[in-house]
There are 4 protein chains.
Amino acid sequence: MAAMTEKRDNILDSALTLFAERGFDATTIPMIAKDANVGAGTIYRYFENKEVLVNTLFQYYVQVFTELLKKDFPEHHSIREQFHHLFQRMIRFTDEQEHALYFIKTHNAAYFLDDASREAFTDLWTILRDFLDEGKAENEIRDLPTLALIAIIFGGFLELHQLIRAGELERTEALMQGVENTCWDAVRHHP
Amino acid sequence: MAAMTEKRDNILDSALTLFAERGFDATTIPMIAKDANVGAGTIYRYFENKEVLVNTLFQYYVQVFTELLKKDFPEHHSIREQFHHLFQRMIRFTDEQEHALYFIKTHNAAYFLDDASREAFTDLWTILRDFLDEGKAENEIRDLPTLALIAIIFGGFLELHQLIRAGELERTEALMQGVENTCWDAVRHHP
Amino acid sequence: MAAMTEKRDNILDSALTLFAERGFDATTIPMIAKDANVGAGTIYRYFENKEVLVNTLFQYYVQVFTELLKKDFPEHHSIREQFHHLFQRMIRFTDEQEHALYFIKTHNAAYFLDDASREAFTDLWTILRDFLDEGKAENEIRDLPTLALIAIIFGGFLELHQLIRAGELERTEALMQGVENTCWDAVRHHP
Amino acid sequence: MAAMTEKRDNILDSALTLFAERGFDATTIPMIAKDANVGAGTIYRYFENKEVLVNTLFQYYVQVFTELLKKDFPEHHSIREQFHHLFQRMIRFTDEQEHALYFIKTHNAAYFLDDASREAFTDLWTILRDFLDEGKAENEIRDLPTLALIAIIFGGFLELHQLIRAGELERTEALMQGVENTCWDAVRHHP
DNA sequence: CATGAATGAGCGTTCATTCAT
DNA sequence: CATGAATGAACGCTCATTCAT
């Protein structure tokens, strides 16, 4: 059972790893096929072409990430606690899905992303946007365009994640704690 | 007059934009040629090959940026004033060459960079590292790995810059002022 | 049946003809592909690149020729009979593969030949050299540098072969007989 | 004076040397221009294109060679003396025009030769043809198709010349004497 | 006339995509 | 359905040829 989509999943898994490790342009379809133990032609039974494959992958992991952030969101707790929730989930996502966030980070501005992918990425931002807007209303968050604040937190966090992935920085609890504080100090309202 | 290097400059300009927007691998020589309004072969009169072109470009903008940061650096002023200098120069650099910093950030670890490019990048890196290390020594900057601090500032700032370029955010003096404060609050030591 | 290597053989056949007629440098991959009725990319399924193709071809025909000369060599017969054996086999080789010997002769000193090709050619050379040296030792062959004798026989024979191929001379048994005698009179010791 | 064709001569000289040393395909127009101390465009003032240049060159030297063989031909001497004359002139031509015969030898079957070049080459053979026909009539020359005899002498001689040029054989008087005897023994009538 | 910067066709090669099996 | 051999468009790059100076 479930054999019908097994190949599809293998293809997606292999594609994720290879896109993260080598990038979209340097990853060939035969490479993915070999890693997924399928024929090159088989990939085209599940995905119209290479761009559809990468967009499918991108949207899937952006949605997984989005849902992870949303789930168990401490609606009625303090802004600081909500920030902690979001930040910890971001960290958890990078821990659980070794390649996913790196793939998202390195491909989120790519020329081949379609509207659905860009929209999914925007949805991800919406969570942060709503949170920050609420925080600004409560005077807990700095009065700067919300988009700008997201860019700073997200851009900073992803850049850091990239360094950890590249092995240039060690992922310790202390570091993650420090980064959370850093990002919080960046966006919080300073009296 | 000055027509002798006009084509070379057009090529470099087109290459910068395309490398920044699509990346080195996804940018083809015919694309650059078309954008620069020259024949594909003409590019090879000025640059030995595609890798020499990208390295020339990389070194040029890294050096321009490095010199811009170094010039008039307020050596004996406060860490905050030094931060202000660096941040304003970074803003000025992105204003003057909207693609250059993004190009540098997305290509600084690329497989095709030669020794001169890596060296130039190290020089740039050194300015920021020395500044942050000095700041940490004076207890003015947060005690986090220097690499992490640079990642957060750059990652955040560039993500923002992308939004401005995309027209999603308007570049006002007030915004830039706010972003500088945000980044300062991120990295400064909070007593 | 046997369809699996049909394309490979077509490619080799076309390459042999074109390399012989135009030379390696003037023969393009598209030319070979067109002549072999395959796509240009197909050639690269069978041969890593153009140089591997030409080396494969070279080694193959040098070996075929070498073995043809060696087989049934009348070791203990007279020099004249040995000469007859070698000459008849050379004629047979050109009859069976009209371009092969000319291809070998025009490419045996080429810059793109690899070690295996040079070695194979040396083996071929050795047969003729040993025969002529033995003949000189027995005072049956003219006392001229062995290299010169080989050059004269091969140069003469191939020039003639070209005339036959061009249709300017008819290949009759009498002609071949006459040519063998001519070449023998060229190299034999005249008392 | 004579300045008007000086450039043309320089171009032809450089082309001869380069075609002989590297072959037609591996010689570029800029190479010839540089060696001849003219601009690349200048070559096109004197020769319509690269093929016209190589054909002009080919025809010129084939004619020079042809005339050298014809001049002072010992019409009423013995066949053997006439053969000696022709052979010595062949040798003299290779001595005087270091690159010319090698160029002719390596390019006489090339795909780019036009009708005039092939005709000139045929004219060269005509001298040998008339001589051999006369010799056959006098029963001094072997009874084999004249074309075949020319191929053997000429092919053999040129192949040998190539070895000398390549440095694999030393050009001594004894060798040249031996080669003449070899060729004579090849074509003469053996009673 | 002479030039050489500029061009673009065509090279060797790769790889996304197709389709006969 | 699954495959991988085959394809050909498009890559980076070279160089014969043109033409503004």
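**Exercise 1. Find which element gives the largest share of the surface near DNA strand E, and describe that surface.**

Solution. Start with the elements: α3(D) supplies the largest share of the surface near DNA strand E, five residues. Here helices are DSSP runs (H or I, at least four residues), numbered from the N terminus, and a residue is near a strand if one of its heavy atoms lies within 4 Å of it. A word on the model: it is predicted, local features need pLDDT of at least 70, side-chain atom pairs count only at pLDDT 80 or more, and totals for chains, interfaces and linings use all residues. Residues are numbered from 1 along each chain as its sequence is written, chains are lettered from A and ligands numbered from 1 in the order in which they are written, and side-chain values use heavy atoms, with hydrogens and water left out.

Next, list the neighbours. There are 30 residues around DNA strand E, and B:Thr42, B:Arg45, B:Tyr46, C:Tyr44 and D:Thr42 come nearest. Of the strand's atoms that come within 4 Å of the protein, 70% belong to sugar and phosphate.

Then sort by class: eleven residues are nonpolar, 13 polar and six charged. In this scheme Ala, Val, Leu, Ile, Met, Phe, Trp, Tyr, Cys and Pro are nonpolar, Asp, Glu, Lys and Arg are charged, and the others, Gly among them, are polar.

**Exercise 2. Work out which atoms of DNA strand E pair with D:Gly41 and with D:Thr42.**

Solution. Look for polar contacts (pairs of N or O atoms within 3.5 Å). For D:Gly41, a backbone N or O atom sits 3.1 Å from a base nitrogen of the strand. For D:Thr42, an N or O atom in the side chain is 2.4 Å from a phosphate oxygen.

**Exercise 3. Repeat the analysis for DNA strand F: which residues are the closest?**

Solution. Of the 31 residues surrounding this strand, the closest are A:Thr42, C:Thr42, C:Arg45, C:Tyr46 and D:Ile29. Sugar and phosphate make up 72% of the strand F atoms that come within 4 Å of the protein.

Now the individual pairs. A polar backbone atom of A:Gly39 is 3.1 Å from a phosphate oxygen, a backbone N or O atom of B:Thr27 lies 3.4 Å from a phosphate oxygen, and an N or O atom in the side chain of D:Tyr44 is 3.0 Å from a phosphate oxygen. By element, α3(A) gives the largest share of this surface, five residues.

Finally, check the record: an unreviewed UniProt entry annotates residues 28–47 of chain A as "DNA-binding region", and such annotations may be inferred rather than shown by experiment.

**Exercise 4. Describe how chain D meets chain C: how many residues does each give, and why do the copies meet through the same surface?**

Solution. Count first: 29 residues of chain D and 29 of chain C take part in the contact (heavy atoms within 4.5 Å). The area buried is about 2500 Å², with 72% from carbon and sulfur atoms; buried area is the accessible area (1.4 Å probe) lost on putting two parts together, summed over both. On the chain D side, D:Tyr111, D:Ile152 and D:Thr182 supply 20% of the area buried against chain C, more than any other three residues.

Now superpose, using C-alpha atoms of residues with pLDDT of at least 70 in both copies. A turn of 173 degrees with a shift of 0.1 Å along the axis lays chain D on chain C with an RMSD of 1.7 Å. The copies meet through the same surface because 86% of the interface residues of chain D are also interface residues in chain C.

Methods: Polar contact = N/O pair within 3.5 Å; in protein donor to acceptor, adjacent residues only side chain to side chain. Helix = DSSP H or I, 4+ residues; strand = E, 2+ residues; numbered from the N terminus.
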